[in-house]
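Trainee: I've got a model open and I'd like to quiz you on it. Can we go through it piece by piece?

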Amino acid sequence: MPGATAFPLDGELIAEVLAPFGRMAPALTVTLEVAGSSPRGAEIRADDRLVGWLVPHGDDAGTPVVTAAVAALASVLGRLVAEQHARRQVETELHSLTTEAAAEQHRRIDDELALGRRLQRSFLTMVAPDVPGYEIASHYEQANEVGGDFFDLFRLLRRGRPLSVVVADVTGKGVAAALLMAFARPLIHAAIDNAARAADALERANRVLRERRASLFITALCGTLSLNSGRLRLANAGHESPLLIPHDGSPTRAIESSGSLLGVFPSLGLAETVTDLAPGDVVVFYTDGVTDARSTAGERFNEGRLLAAIEMSRAGTAGDIVDEISAAVDRFQAGTPAADDVTVVAIGRRARRRRAVGLRTSQRGGA
């Protein structure tokens, strides 16, 4: 079959059509010639377009019966070519429509995620509460369009108006984590307003989350800071331990406490820790997006680099410390897409001075 591979039909189909003639050799054979060769035999036309010829060979090639049979077969092949061409046009049009529809769907999803991102950031870019004698600074960066980290700082309506602090991280990423965050943040806030202790508030929130039977869980750090005394009471539900930076120059240390994640077990079994912030002390809260940040080589930022960043800035304000930590993470990642949300919150008790000169409150991306 000279030129059969260039014919606009499947080669196996052509071979199947012409096979009976091959079994009649040497009395009769039929070959297929593609358009462009010398005109001879029965024309194969598809939608009035010449695509080739069927050419009989042998002693019986010129008989009326063979001529009619070859012409009929050529007509059938022409129709098959025309049908295949029409089918491919339809498939092309359907693919184009499907591609356009998919692109439009992606655009709608992107628009909705962008709106979700703006709304979520509006939750976390609040004005710092009025806390005389303290500095508050924060940094928040989402890894995806919507994130699962959240933090909350607000004054409680109790005697002395203590400051409540919540830093939390939903396990997982994406829309599911963001939805659980949107549910859990006001839940924990309300629990703190109605509980005597931070540990009690987390227990209440845990009971509600257990009833929801969510597939994701939450690590949470909850505390209350008595502003007059500097006493910080903390309850930790599986979250990273905060870091205390003493004003006297002694080493930075973790405020250790532990408990189960929210939403896993019926009871958390939390015990509160108590830390007194002296004038000039700073406490840093963060999520694992800081220590789990990756370099281009796949190396973790880890706790050692976090402590090094703190040492570089510990002589400054709470805002200086947050700035240095976030900058160190950015330098370490060197353009590598963030694997997780990054949250850093620092609260510093201002040192006593004879004149209140040069004090500032640093706020970045959050409270």
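**Sheets, helices and a pocket**

Mentor: Sure, and keep in mind that this is a predicted model. To get going, helix H4 (residues 198–212) lies across E7 and E8, and its direction makes about 150° with that of E7.

Trainee: What is the strand order in the open sheet of five strands?

Mentor: The pairing in that sheet is antiparallel. Its order reads E5-E6-E7-E8-E11.

Trainee: Which strands of that sheet have a single partner strand, and why is one side of each left without a neighbour?

Mentor: Look at the edges of the sheet, where a strand has a single partner, so one side of it has no neighbour in the sheet. The twist averages 15° from one strand to the next. The two edge strands are E5 and strand E11 (273–276).

Trainee: Which helix packs on the sheet and touches E5, E6 and E7?

Mentor: Its direction makes about 25° with that of E5. The helix you want spans residues 174–193, and that is H3.

Trainee: Which residue in E11 stands opposite Leu234?

Mentor: Start from strand E8 (residues 231–237), which runs antiparallel to E11 and is joined to it by four bridges. Opposite Leu234, in E11, you find Thr273.

Trainee: Now the open sheet of three strands: which strands stand at its edges?

Mentor: This sheet is antiparallel, with the order E1-E3-E2. Each edge strand has a single partner, so one side of each lacks a neighbour in the sheet. The edge strands are E1 (29–34) and E2 (42–46).

Trainee: What does the twist average from one strand to the next there?

Mentor: Staying with the E1-E3-E2 sheet, the average twist between one strand and the next is 25°.

Trainee: Which residue in E3 is the bridge partner of Ala46?

Mentor: E2 and strand E3 (residues 49–57) run antiparallel, joined by five bridges. Within E3, the partner of Ala46 is Arg49.

Trainee: On to the second largest pocket. Which strand gives the most to its lining?

Mentor: The pocket has a volume of about 200 Å³. Of its 14 lining residues, the closest to the centre are Arg158, Pro162, Thr224, Leu225 and Ser226. With three residues, the top contributor to the lining is strand E7 (residues 218–226).

Trainee: How many residues of that lining are charged?

Mentor: Five of the lining residues are nonpolar and four are polar. The charged ones number five.

Trainee: Is Arg161 buried, partly exposed or exposed?

Mentor: Arg161 sits in the loop between strand E5 (149–155) and strand E6 (163–170). Its phi is near 50°, positive although the residue is not glycine. Most residues other than glycine have a negative phi. Buried would need under 20% relative accessible area and exposed over 50%, so at 36% Arg161 counts as partly exposed.

Trainee: And Asn302, what is its phi near, and where is the residue?

Mentor: At 21% relative accessibility, Asn302 counts as partly exposed. Asn302 belongs to helix H6 (residues 302–313). Its phi is positive in a residue other than glycine, near 60°.

Trainee: Last one: what share of the residues in the protein chain is buried?

Mentor: The chain's secondary structure comes to seven helices and 13 strands. Among contacts between residues at least 6 apart in sequence, 69% join residues at least 24 apart. Out of 367 residues in the chain, the buried share is 44%.

Technical notes
Residues numbered from 1 in each chain as written. Predicted model: local features only at pLDDT ≥ 70, side-chain atom pairs only at ≥ 80, totals over all residues. Heavy atoms only, no water. 1 Å grid on protein atoms, 1.4 Å probe; cavity = no way out; pocket = protein on both sides within 12 Å on 5 of 7 lines; lining within 4 Å. Points joined across faces, edges and corners; volume = space filled by probe spheres on them. Nonpolar A, V, L, I, M, F, W, Y, C, P; charged D, E, K, R; others polar. Buried < 20%, exposed > 50% of the residue type's maximum accessible area, 1.4 Å probe, protein only. Pairing = 2+ DSSP bridges. Axes fitted to C-alpha atoms, helices over the stretch in contact; angles between N-to-C directions. Contact = heavy atoms within 4.5 Å.
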